[in-house]
Amino acid sequence: MSAVLEAEALEKRYGSDVAALRGVSLAVEDGELLAIVGPSGSGKSTLLHVLGTLERPSAGTIRIDGHEASTLSERSLAALRASAIGFVFQQFFLLDGRSALDNVADGLLYGGRPLGERRARAEEALVRVGLAHRLEHRPNQLSGGEQQRVAVARSIVGEPRILFADEPTGNLDTVSGQAVVDLLRELNRGGTTVIVITHDRELALDLPRRVELRDGLVELDTAA
Amino acid sequence: MTELAPSRLSARDVLRVGAVGLRARRLRAALSALGIAIGIAAMVAVLAISESSKADLLSSLDRLGTNLLTVSPGQSIFGEEATLPDTARAMTRRIGPVEALSATGTVAASVYRSELSPAAETKGISTLAADPSLPATLGATLADGVFLDTASARYPAVVLGSTAARRLGIARAGGGVQVVVGGRRFTVVGILDPVTLVPSLDSAALVGFRAAGRYLDDEGDVSSLYVRSDPEDVEDVRSVLARTVNPEQPDEVDVSRPSDAIEARAAAKSAFTSLFLGLGAVALLVGGVGIANVMVISVLERRSEIGLRRSLGATRRHVGLQFLTESLLLSLAGGVAGVALGAGIAGAYASSRGWEIVVPAVVLVGGVVAALAVGAVAGLYPALRAARLAPVEALRSV
């Protein structure tokens, strides 16, 4: 197995005295399913942003899918996000007024594929998340769980190497939350590397690997 | 490791993404486009109306010709009214390129509807002696009846200008209608249409020179000479006219070209137009500020969308382009609607005036281009703000 994500001594400081990450190292193998868990303020959200290349670290290196992220230009980072990384957010971030299909197709928008192909693949992705019957529904016509599944479909439609899920169940009731977690497991069984960021210890304990974060440092890594 | 293909957004997708934001907020989009539409419509309508009216003036000039010169007595060096010498007509006829020549002379006689009309009610009608060739020289036409001919010029016959006829309450010539000129009854033989080149004839009553001498005791000194010359030689004729008419005192002769006055009127309309054009530009500016305003609010409201798009692989440029496109589409819609509205207003106005409708293509294209330019300027700052937003910053803002 090869590492799809390698982070070495990551630091992230805001200003001179706020340190969100104080030297985090982490290696994730291809096809893993892991949880990054910690209380609020532990730096897990910052770690997600840095690993997902949405934010540059103050120090340290990240390799994603073989690309040295710290040396890439802004444009190359955008390309990396378009092709290799998928995100699922706690707030879904679906665009109102657009159908589920169009929302999912937007996941391929910046890859330069023609609209027809984007929509065909979006439909496949929606079928994969179990929403074949909700293609033309708008976000406000869907339940929270369904909305999050649309968001998951959007994140996987480009077949990324890594899927980051930031508190994916945070806005959902227990049943729909469980459904989303089951969906993530299923995607993982299909080969996608899934990294779930959560403060929910119960959810984290359920996953094969757990990285516990506290005050910007790794406190426990069950794979180590 | 795979080679990184750069993030791409085709021109079509840029348009699509730009349109999505508008479709989600239709009312707001329509209202902000309306601001632009009003400005553009005002400018297009003003330009097209002034073009139509100018075209109308110039086409009447084409019809009437620009080769007519008017000779009238000026003032002597002592500031007194000068007169044209008796020889003026004969001398002018000798100028080579002169094709037609007619004279009118002032006659001291008032015109009344009947003998019972109060003497003070002259109705501002002047009496002029006129050559029978006058309508031909001036391009004047008759609304009714006939003009004076060599026969009727000797008898008490009168032709009324259009305004004079209206003031006297006479709609038709013939049928023995008579008016009182200088205390004598004259039969109305004709009524003129308005004379574009010499509007002063409209309020005149025209009699023959002979008749003036015989019945009104005023032979009618020539007060105006109308000279139609070869169009090529108008300026040459003009330069020698004063000297020919009055060799002794050429300074006491005024020579003018009535068509100049019409051209000046056309030019004056242009000056008037720029005022309204300025007002239209202000409306357009306000429309542009409206769009900028809506776009700034839109960027603030859609921070999470911006963050999401960045996470999906959009570059800063893609995000900036999206908002700029949105602004351009808004202004394009406003511009197209404005051009259509403006052209419609101009068309309705021109046809109500009986003018030919002239909407220059450059105005139509210019209207849309102006709208787009306003949209580009208005959208630039919001687009830059959207592009500069850090993805994490944008995602955190919910």
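**A chat about chains A and B**

Me: What comes right after α9(B)?
Reply: This is a predicted model, and in it α9(B) is followed by G313(B), a residue whose phi is positive, near 110 degrees.

Me: Is helix α9 of chain B largely enclosed or left open, and why?
Reply: Helix α9 of chain B, which covers residues 303-311, is largely enclosed by the rest of the structure, because seven of its nine residues are buried.

Me: Which ones are buried in α9(B)?
Reply: The buried residues there are E305(B), I306(B), G307(B), L308(B), R309(B), R310(B) and S311(B).

Me: And what covers them?
Reply: The cover includes pieces of both chains, with α2 (74-84) and β6 (85-88) coming from chain A, and α10 (316-352), α11 (361-388) and α12 (391-396) coming from chain B.

Me: OK, so how many residues does each chain put into the contact?
Reply: Chain A gives 29 residues to the contact and chain B gives 27 residues. On the side of chain A that touches chain B, the largest share comes from α2(A), with nine residues.

Me: What kinds of residues are on that side of chain A?
Reply: The side of chain A that touches chain B divides into eleven nonpolar, ten polar and eight charged residues.

Me: Switching topic, how is chain B split into domains?
Reply: The domain assignment of chain B gives domain 1, made of 11-61 + 264-396, and domain 2, made of 67-257. The C-alpha centres of these two domains of chain B lie 56 Å apart.

Me: What about G288(B), where does it sit?
Reply: G288(B) lies in helix α8 of chain B, which covers residues 258-301, and it counts as buried because it has 26 C-beta neighbours inside 10 Å, where 20 or more are needed.

Me: Which residues further along the sequence is G288(B) in contact with?
Reply: Leaving aside its neighbours within four places in sequence, G288(B) is in contact with V374(B), V377(B) and A378(B). For A378(B), which is 90 residues away along the chain, the C-alpha atoms of the pair are separated by 5.7 Å.

Me: Last one, how many residues are in the largest nonpolar core?
Reply: The largest nonpolar core has 124 residues, and those with the most contacts inside it are V104(A), A153(A), I40(B), V44(B) and A48(B). Helix α2 of chain B, residues 26-64, supplies the largest share of this core, with 15 residues. Apart from this core lies another, of 58 residues, among them A153(B), A173(B), V189(B) and L197(B).

Technical notes. Residues are numbered from 1 along each chain as its sequence is written. Chains are lettered from A and ligands numbered from 1 in the order in which they are written. This is a predicted model: local features need pLDDT of at least 70, side-chain atom pairs count only at pLDDT 80 or more; totals for chains, interfaces and linings use all residues. A residue is buried if 20 or more other C-beta atoms lie within 10 Å of its own, exposed if 12 or fewer, and partly exposed in between; C-beta atoms are placed from the backbone. Helices (H or I, at least four residues) and strands (E, at least two) are DSSP runs, numbered from the N terminus. Two residues are in contact if their C-beta atoms, placed from the backbone, lie within 7 Å. Domain bounds come from an automatic or database domain assignment. A nonpolar core is a set of buried Ala, Val, Leu, Ile, Met, Phe, Trp, Tyr and Cys residues joined through C-beta atoms within 7 Å. Ala, Val, Leu, Ile, Met, Phe, Trp, Tyr, Cys and Pro count as nonpolar, Asp, Glu, Lys and Arg as charged, and the others, Gly among them, as polar.
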